Amino acid sequence: MRVLLTGHQGYLGTVMAPVLTAAGHEVVGLDAGLFADCVLGPAPADPRGHRVDLRDVTADHLAGVDAVIHLAALSNDPLGSLAPELTYDINHHASVRLARLARDAGVARFLYASTCSVYGAAGGDELVAEDAPLRPVTPYAESKVRVEDDLHSLADGDFTPVYMRNATAFGYSPRLRADIVLNNLVGHALLSGEVLVLSDGTPWRPLVHAADIARAFTAALDAPREAVHDRAFNIGSETNNVTVAEIAAQVAEAVSGAKVVITGETGADPRSYRVDFSRFRAAVPGFDCEWTVKRGALELADAYRTFGLTREDFEQRFTRLAVLRAASESGAVDDTLRWRP
């Protein structure tokens, strides 16, 4: 299958491309390249692709494509809150435009990277399944809800959208992100000796390794149409439903000598939810996540040590918001985050 992978030079795309290739698919990338240089360790071997802003995709980019895996987005809550109008422009409107172009080009399957953040204010200890009320609390999560709604209206007998609601990602990627919870806590522990938690540690977080996300998308790509057509799936494992305090404790075990420090200075986080992941396992028999939080913390600690993570890299090059601010302040991108000529 010829697969257009948007965001192939991002944190998840860099892990996913070789998994798709190993499964026998031909991968064509599409990425604006904003984070292409955010590399820790050996430079990844990217698939051939298009260097283009998501907002500028044309029908030519979809020619001959059998399926689209759409990862590209402004990718976390602080970034979305910084420029909510851009979050909706890129994450919502450009995503739906891409899907329409794909449908018109005869693309059969469109796998959309949504998020468990759509349940943001679910609260309580009950597991939330895909039919639970959606309570997004950030522009990022709200944009994901809007895209799911619009893709549903595009679904027909020839076009199959699938909504992959990923849990919070973790784990090593050659294009690292340090601004997601486990990756951040491990880095802080190694660089400072403290596992620093600014909230009160009580919120629940569902976590999933980048490699398990890649395997899940590959499985959804190959699944029978009737199993996945126009359906939402939570992607992750119940084992990795953990509180922030529990994540911190796992990090302290992985980084010898690190001490957990819960300041509580930001108070209770309204984003708290435990997630039921059984629907995807039922739809795609044989799939299950392989990575635990503990194993991921050990992997990250080893990678950070091996590749010489520095504080400057940790706080600047591998933090998405810092990268975009630096690009804007240097004049490399304009105020709409497009590359200047």
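Okay, let's start at one small spot: just after helix H1, Gly 24 takes a positive phi of about 100°. Keep in mind that this is a predicted model.

Now back up into the helix itself. H1 covers residues 11–22 and lies across strands E1, E2 and E4, running at about 175° to E1. Quite a few of its residues are buried, among them Tyr 11, Leu 12, Val 15, Met 16 and Leu 20.

So what is the sheet underneath? There are seven strands in an open sheet, in the order E3-E2-E1-E4-E5-E7-E11, and the pairing is parallel. E3, at 49–51, and E11, at 231–235, are the edge strands; each has a single partner, so one side of each is left without a neighbour in the sheet. From one strand to the next, the twist averages 20°.

Let's look at the E3 end. E2, residues 26–31, runs parallel to E3, and three bridges join the two. If you want a landmark there, find Asp 31, which stands opposite Arg 51 in E3.

There's another helix on the sheet too: H4, residues 139–154, touches E5, E7 and E11. Its direction makes about 155° with that of E5.

Last stop, the loop between E3 and E4, where you'll find Arg 55. Is Arg 55 buried or exposed? It's buried: its relative accessible area is 11%, and the cut-off for buried is under 20%. And what does its side chain reach? That would be the backbone oxygen of Thr 336, at 2.9 Å. Leaving aside neighbours within four places in sequence, Arg 55 also has contacts including Leu 86, Asp 89, Arg 97 and Leu 337.

Conventions:
Residues are numbered from 1 along each chain as its sequence is written. This is a predicted model: local features need pLDDT of at least 70, side-chain atom pairs count only at pLDDT 80 or more; totals for chains, interfaces and linings use all residues. Side-chain values use heavy atoms; hydrogens and water are left out. Two strands pair if DSSP finds at least two bridges between them. Helices (H or I, at least four residues) and strands (E, at least two) are DSSP runs, numbered from the N terminus. Axes are lines fitted to C-alpha atoms, for helices over the stretch in contact, and angles run from 0 to 180 degrees between N-to-C directions. Contact means heavy atoms within 4.5 Å. Buried means under 20% relative accessible area, exposed over 50%, partly exposed in between (1.4 Å probe, protein chains only). A polar contact is a pair of N or O atoms within 3.5 Å; within protein, one must be able to donate a hydrogen and the other to accept it, and residues adjacent in sequence count only if both atoms are side-chain atoms.
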